[in-house]
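Please walk through the structure shown here, taking its backbone, its aromatic rings, its cysteines and its enclosed spaces in turn.

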Amino acid sequence: MGQQEGYADDVVKGFIIWSIVWGLVAVLLGVLISLQLAWPQLNFPPYFTYGRLRPIHTNAGIFGWGIGSFMAFFFYITQRLTRTRLWSPKLARFQLCLFNVVIALAAITLAMGMNRSKEYAELEWPVALLVVVLWVIFSVNIIMTIVKRREEQMYISLWYIMAALVGVAVLYLVNNVGIPISLTKSYSAYAGANDANVQWWYGHNAVAMVLTAPPLALFYYFLPKSTGVPIYSHRMGVIAFWSLIFMYLWTGAHHLLWTPVPDWVQTLAMAFSIMLIAPSWGAVFNGYFSMNGQWHQMRDNYLVKFLIFGITFYGLQTLQGPSQAVRTFSGFIHYTDWVPGHVHMGTLGWVSLVLFASIYYIFPRLYGREIYSVGMVNLHFWLAVIGQLIFSISMWIAGVQQAAMLHATNPDGSLHYSFMETMIELYPYWHARAFGGVIYFASLLVFIYNLIKTATSGKPAPVAARP
Amino acid sequence: MLEKKPIIFLLLATATILIGTMITMVAPFKWINDPKLKIAEVKPYTPLQLEGRDIYIREGCNNCHTQTVRPLLADVERYGDYSKVGEFVYDQPFLWGSRRTGPDLARIGGKYPDAWHYKHMADPQSMVPRSNMPKYAFLQRPLDTALTSRKMKALHFPYTPADIEALKGKTELDAMVAYMQKLGSDIPWRKAAQAAVIGELKNPYQEDKTVLAEGKAIYDKECAQCHGKELQGEIGPSLADIDKPDAEVFRITYGGLPAGGMPAFGDALGKDKVWKVVNYIKYHQRR
Amino acid sequence: MDVASIYYLGVTFLLFALFAVIVGRTYNRRDREKKEAPKYRMMDED
C-alpha cells in the first residue's frame, strides 16, 4: 500500500549517518590509545592522555555508534513491524539534534577531566541528565508507535526493543545517583563495596540492554528479511527472550570475583552467568536453523555473511564470557588483556557486524539506489573480520601469558617475576593489537566510501531491491 | 496474548529484570553495611587526600590501576594483605578498576617515600625504565581549593578551617602524593605481614663472585631507582660503604623498613635473589 | 541442612516450575499457528 512514503525515514537516515561518524571517532581513538599503551610518548597531557581518552573511546563506541544506530533501526523496524507511521517524527528530529549535542558534550567534558570514574557511566550529572531526557523522548516515541499499531501481534524484535528501553532506563537512573558538588563535579551516592556492586550491576547489564538486546532485535528482523525465509522458531525466540532478561540481571558481580563484595553475591553471579549460555545459544540456534537449506546464501548474499558471522561471534562470546565468570578462571585471567580481547570480539565482531548488515540492507532502500560496489562490501567484510581477529587473538595470548607470569612462584613460595617483568612482555602484543585496529579502521573507510558513492552515484533501483 | 498487549508486556518485562536486581544489587546493601565489618582504624580522607583522590579520578588513573587486592597468593605477595570491605566505606565512588595495565594501588601507601612518588609522577620512565605510564609533570601546578570545604561537607568528613587554610601553596602533585600515601595504610597490615626470617642468616654466596652479575642485574632493576646506579644514594641513602653485617642488610631488604620508606622485597624476590643482591651490595663495599 | 539451604532449594524449584509453565504455555500445540504467525507476517513486503 505504498507505505514506504508513509514511514518517517528521514530521521533514520540522520541517525545512521551520525552514528557512523561517531563510530569512526571511536575506532580512531581506539587506535590512538592502543598506540599510547605501546609508545607512552604519544600521551599529550593534560587533555590527550590514555586516562582521559579511554572513556571517550568507550562512550563514543557504545553510545555514539551503538545507541545512535540502534535509535535509527528501532525507528525503522518499529514502524514496519507495527505497520504504523512513527508517533512523532518531529520529536525524533529533535532527538537527533539532542543526541549529537550529548555525544559531543560527552567527548569535550571527558577530555577536560569531568569524569565520575564509573565505567560506561562517566558523564557528569548535567550531561547525564541530558542523556535521560534523550532516552525518555526516544522511549515515548517508540512505545506510542507500538501502542497505536495496526499489526496486532508483536514480532520478537519488538520484545527486545521494549525490554531495552525499560532496561537502560532503570540501569542508568540507579547508577547515576550522585551528590552534586558543582556543575562539573559530583560524587557517587553509594560508597565502597556497595558502589562497586551497583556499578557492575549496571556495567554488565549495559552489555545486556545495549550490546545484546538491541542487536538481537536487529538480527531477528534482518536475517529473515535478508534470506527471504522466516526465522526458524518464534516460540524459541520468546523462551530465550524471557530467560535472557531474567538471568542477565543476576550476573553483574562476576566482574567482582575475589573482591570484598559478599561471597554469595559472587556465587549467584557465577551460576547465572553459566545458565545464560542457554538463552544466548537459543538465539544462535534460531539463526543457524533459519539457514537450513539456505547456506548457499553465505556465498551469494553478503548480508547473510555479515549476519551469520555476527551471530557466530555472539555464540563464541557467550561461551567465553561464562567461562571467565567462573572463580578459578577469573582469578587467573581477570585484570589482564584477555578481557579487552573478549570485549572487542563482542563489539567489533558481534554488534558491529550486525549493524553493518543492517545498514547495507536499509541504505539502498532509503536512497532508492543499488549498493555502489559489492566488491567493496566484501573487502569491508574481510578487513573487519581480520582486524578484529588480530585484535582479540593477540590480546587473549597476551592475557594468558601475563596471567601465567603473574602467578608464577619459586620453590620457596616467592614470586618468580616482578610486575614490570610481566608488563614489558606485552609490548609486542600491543603492537599487534594496534595493527589489528588500523585494519579495522581501514575497513570502516571502505564502508563509508561505498555508502557515499551509493548515495551519490549508485544505480537507481526499485525500492525492494534485494542484494 | 502478551504479544498483543504492549503495556502489560512492558510491566512484566520490568518486573522480570527487577527480581535479579533486588536480590543481587539491592539486598547486599544490608550485608555490606553490616556494622560487624567496620574497621575502627580506617579514617576518612583529609582535605588534601580528598583533593588528590579527585585528581586521580579526573586523570582517569582507574583505567590502568586497580585498587583491590584479591585473596590469591600472587596478589597478596605482590601487593600486600587482601582488601577488606571495611576499608572502602569512605570511597565515593569506589575505584577498584577493571584492568591492571599498571600495578594495583590498594596498598601503595607507605611502600615508597614521598620523594619517590614526586619523581615517578613527573617522569615515570626515570624510575621504572620500560614503564608505559604517561608523564604527569603538569600536576606541579597550584591546587584549586575553591570547592574543598563543600566536598568535605557533602561527604560528611571532619575538617577544620585550619585544614583548608593549610592547602594554600600546595600543588596538585602534593595532593596526589598525599592520596597515594593514604591508600591501604590505615590498617597496620605491613607490620603484621612483615616476614619473620627463620633460620640462620648466613650469606650463602659470601666471596662467591660467580653470582655478582646476577646480583647486579637485580640491583639495577629493583634498587637503583632509589639508591643510585653506583650505590651513591638518591632518594634512599648511599649504600657505597654500608658497614652493616650481611645478615642485617638481608633483614632490611627482605622485610623492609616501614618507618624509613624502604619497601620489603622478600615476597617479591624470595630469599635467594635477596641474598644475591645483598652479596652484590656488600661486595661493592669490601672492594 | 539449615533453613537457608531449604529456602535456596525452594526458590530454585519455584523458578524451575515457573520456567516449565512458560515453556508449556508457549509450546502449547493448540496455539502453535497463532504463536508462530508473527514470523510469517513480518515477511510481508513493506
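A:P46 sits in the loop between α2 (10-38) and α3 (50-82) of chain A, and the peptide bond that joins A:P45 to A:P46 is cis, with omega at about 0 degrees. The model in which this bond appears is a predicted one. A second cis bond is found in chain B, where it runs from B:Q92 to B:P93 with omega near 0 degrees, and B:P93 likewise belongs to a loop, namely the one between α4 (73-79) and α5 (114-122) of chain B. As a background to such cases, most peptide bonds are trans, and most residues other than glycine have a negative phi.

The sign of phi brings up two further places in the backbone. A:R83, which is not a glycine, has a positive phi near 50 degrees, and this arginine is placed in the loop between α3 and α4 (89-111) of chain A. With a relative accessible area of 16%, A:R83 counts as buried, because the limit for that class is under 20%. In chain B, the residue to look at is B:L231, whose phi is positive at about 65 degrees although it is not a glycine. B:L231 is found in the loop between α12 (224-227) and α13 (246-255) of chain B, and its relative accessible area of 0% makes it a buried residue.

Chain A also offers a short piece of strand pairing. Strand β1 (residues 178-182) and strand β2 (residues 185-188) of chain A run antiparallel to each other and are paired over 4 bridges, while the hairpin that joins β1(A) to β2(A) does so through 2 residues. Within this arrangement, A:I179 has A:Y187 of β2(A) as its bridge partner.

The aromatic side chains can be followed next. Over all chains, the search of the whole structure yields 56 aromatic pairs. One of them is formed by A:W159 and A:W242, whose ring centres are 6.2 Å apart and whose planes make an angle of 70 degrees, an edge-to-face geometry. Because A:W159 lies in helix α6 (residues 156-175) of chain A and A:W242 in helix α9 of chain A, this pair ties together parts that are 83 residues apart in sequence. Both tryptophans, A:W159 and A:W242, are buried. A contrasting geometry is given by A:F285 and A:F289, whose ring centres are 5.6 Å apart and whose planes meet at 15 degrees, so this pair is stacked. The two phenylalanines A:F285 and A:F289 are 4 residues apart in helix α11 (residues 277-290) of chain A, which means that about one helical turn separates them. A:F285 is partly exposed, with a relative accessible area of 37%, and A:F289 is partly exposed with a value of 37% as well. Elsewhere in chain A, ring pairs link a cluster whose members include A:W65, A:Y302, A:F306, A:W382 and A:F447.

How many disulfides does the search of the whole structure find over all chains? The count is 0 disulfides, and B:C64 illustrates one such unpaired cysteine: the closest cysteine sulfur, in B:C61, is 8.7 Å from the sulfur of B:C64, which is too far for a bond, since a disulfide requires the two sulfur atoms to be within 2.5 Å. B:C64 is buried, with a relative accessible area of 15%.

It remains to consider the spaces within and between the chains. The second largest pocket holds about 1200 Å³ of space, and of the 37 residues that line it, the closest to its centre are A:F246, C:L15, C:L18, C:F19 and C:I22. At least two lining residues each are supplied by α9 (234-248) and α10 (263-275) of chain A, by α1 (6-26) of chain B, and by α1 (3-26) and α2 (32-41) of chain C. Of these helices, α1(C) gives the largest share of the lining, with 13 residues. By type, the lining of this pocket divides into 27 nonpolar, 5 polar and 5 charged residues.

Turning to enclosed spaces, the count of cavities of 30 Å³ or more comes to 8. The second largest cavity has a volume of about 190 Å³, and the closest to its centre among its 17 lining residues are B:Y45, B:E87, B:F88, B:L183 and B:G184. The lining of this second largest cavity consists of 7 nonpolar, 4 polar and 6 charged residues.

Conventions
Residues numbered from 1 in each chain as written. Chains lettered and ligands numbered in written order. Predicted model: local features only at pLDDT ≥ 70, side-chain atom pairs only at ≥ 80, totals over all residues. Heavy atoms only, no water. 1 Å grid on protein atoms, 1.4 Å probe; cavity = no way out; pocket = protein on both sides within 12 Å on 5 of 7 lines; lining within 4 Å. Points joined across faces, edges and corners; volume = space filled by probe spheres on them. Nonpolar A, V, L, I, M, F, W, Y, C, P; charged D, E, K, R; others polar. Pairing = 2+ DSSP bridges. Buried < 20%, exposed > 50% of the residue type's maximum accessible area, 1.4 Å probe, protein only. Phe/Tyr/Trp six-rings, centres within 6.5 Å; stacked < 30°, edge-to-face > 60°.
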